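Visitor: Got a minute to walk me through this one? I'd like the short tour, bench-style.
Guide: Sure, let's get it on screen.

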Amino acid sequence: MTASPQMRTMNERVVAAAAELTCEVGWANVTMSKLADRVGVSRQTVYNEMGSKPALAEAMVLRELATFLAAVDRAFDQHPDDLVDAIRAAVNEVLVEAERNALLQAVVSSAYGAESDLLPLLTTESDALVHTAHAVVAGRLAAYAVGVDAVHLDAAIDMVVRTVLSHVIHPSGPPAETAENIAWLAGRALRP
């Protein structure tokens, strides 16, 4: 359940407004002044809350990541007894969400135009995103019997997270087909 605008923290309000503005006018045209106007506060309040535009960008990306990780949790909840089915469902849910996520589409489509300031947060500067997703997947895998040691499990999780992220940024096929292929690979790597 999403909090009403009155119940959101200032940080949540600013980040949500930044996402809306990015979809409307592009990240390059989002300014702290425009955010302040949108949220109904002073520009200094926005700076005090977010610190800088790069910090705002990272907060916005992590906010969207929470939507994708909720889809991962739902998929694993639906398949508590079959790891490969859980991975397949999680990957499919993430890729379907990626297709309909307006902010992600604005960021990815900008890579093919003039503006791509946010794209590095999903690619070359994606450490926070990858670490957060890795931790969630590792936590979910703890409930399953896997046939590899901790070092190889960590490597397999990293492979799956980075592969899914790659397909989020640049899909190579329908979500269900990609999910099937990634689940097959993960199953080969993780089965006892």
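**A walk through the fold**

Guide: To start with, 40% of the 192 residues in the protein are buried. Keep in mind that this is a predicted model.

Visitor: OK. How many helices and how many strands does the protein have?
Guide: Nine helices and zero strands. Read from the N terminus, the elements go α-α-α-α-α-α-α-α-α.

Visitor: How many cavities of 30 Å³ or more turn up?
Guide: Two cavities. The largest has a volume of about 470 Å³.

Visitor: Which residues are closest to its centre?
Guide: The largest cavity is lined by 31 residues, and those closest to its centre are Leu-65, Phe-68, Val-94, Ala-133 and Val-164.

Visitor: Which helices each supply at least two residues of that lining?
Guide: Helix 4 (53-78), helix 5 (83-100), helix 6 (102-110), helix 7 (127-141), helix 8 (150-169) and helix 9 (175-190). Helix 4 gives the largest share, with eight residues.

Visitor: And by class, what is the lining of the largest cavity made of?
Guide: There are 29 nonpolar residues in it, plus one polar and one charged.

Visitor: Let's stay with Leu-65. Where is it found?
Guide: Leu-65 sits in helix 4.

Visitor: Why does Leu-65 count as buried?
Guide: Because its relative accessible area is 8%, and buried means under 20%. As for its surroundings, the C-alpha atoms of Leu-65 and Val-130 are separated by 9.8 Å, with their positions 65 residues apart along the chain.

Visitor: What about Glu-64, buried or exposed?
Guide: Buried, at 14% relative accessibility. Glu-64 lies in helix 4. Its C-alpha atom is separated from that of Ala-16 by 9.8 Å, and the two residues are 48 apart along the chain.

Visitor: Switching to charges. How many salt bridges does the count come to?
Guide: Nine salt bridges. Among them is one where the side chains of Arg-38 and Glu-20 meet at 3.1 Å, N to O. That pair links distant parts of the chain: Arg-38 belongs to helix 2 (residues 32-39) and Glu-20 to helix 1 (residues 10-25), 18 residues apart.

Visitor: Are those two ends buried or exposed?
Guide: In between. Arg-38 counts as partly exposed, at 35% relative accessibility, and Glu-20 counts as partly exposed too, at 41%.

Visitor: What's the N to O distance for Arg-38 and Glu-24?
Guide: 2.6 Å, and their side chains meet in a salt bridge. Here again the pair links distant parts of the chain, with Arg-38 in helix 2 and Glu-24 in helix 1, 14 residues apart.

Visitor: Now Glu-97 and Arg-100. What do their side chains do?
Guide: They meet in a salt bridge, 3.2 Å from N to O.

Visitor: Why are Glu-97 and Arg-100 separated by about one helical turn?
Guide: Because they are three residues apart in helix 5.

Visitor: And how do Glu-97 and Arg-100 come out, buried or exposed?
Guide: Glu-97 is buried, with a relative accessible area of 13%, whereas Arg-100 counts as exposed at 55%. Back to the other set for a second: salt bridges that share partners join Glu-20, Glu-24 and Arg-38 into one network.

Visitor: Good to know. Now the outside: which residues make the nonpolar surface patch of about 290 Å²?
Guide: Met-159, Trp-184 and Leu-185. Of these, Met-159 lies in helix 8.

Visitor: How exposed is Met-159?
Guide: Partly exposed, with a relative accessible area of 32%. That value matters here because patches are made of residues with over 30%.

Visitor: One more stop, Ala-183. Where does it lie?
Guide: Ala-183 lies in helix 9.

Visitor: Is Ala-183 buried or exposed?
Guide: Buried, with a relative accessible area of 0%. The C-alpha atoms of Ala-183 and Asn-92 are separated by 9.7 Å, and the two residues are 91 apart along the chain.

Key
Residues are numbered from 1 along each chain as its sequence is written. This is a predicted model: local features need pLDDT of at least 70, side-chain atom pairs count only at pLDDT 80 or more; totals for chains, interfaces and linings use all residues. Side-chain values use heavy atoms; hydrogens and water are left out. On a 1 Å grid over the protein atoms alone, a cavity is a set of points where a 1.4 Å probe fits but cannot get out, and a pocket is an open set with protein on both sides within 12 Å along at least five of seven lines; lining residues have an atom within 4 Å of a point. Grid points are joined across faces, edges and corners, and a volume is the space filled by probe spheres set on the points. Helices (H or I, at least four residues) and strands (E, at least two) are DSSP runs, numbered from the N terminus. Ala, Val, Leu, Ile, Met, Phe, Trp, Tyr, Cys and Pro count as nonpolar, Asp, Glu, Lys and Arg as charged, and the others, Gly among them, as polar. Patches are made of residues with over 30% relative accessible area and no salt bridge: like charges are joined within 9 Å, nonpolar side chains (Val, Leu, Ile, Met, Phe, Trp, Tyr) within 5 Å. Accessible areas come from the Shrake-Rupley method with a 1.4 Å probe; for residues, only the protein chains shown count as cover. A salt bridge is a side-chain nitrogen of Lys or Arg within 4 Å of a carboxyl oxygen of Asp or Glu. Buried means under 20% relative accessible area, exposed over 50%, partly exposed in between (1.4 Å probe, protein chains only).
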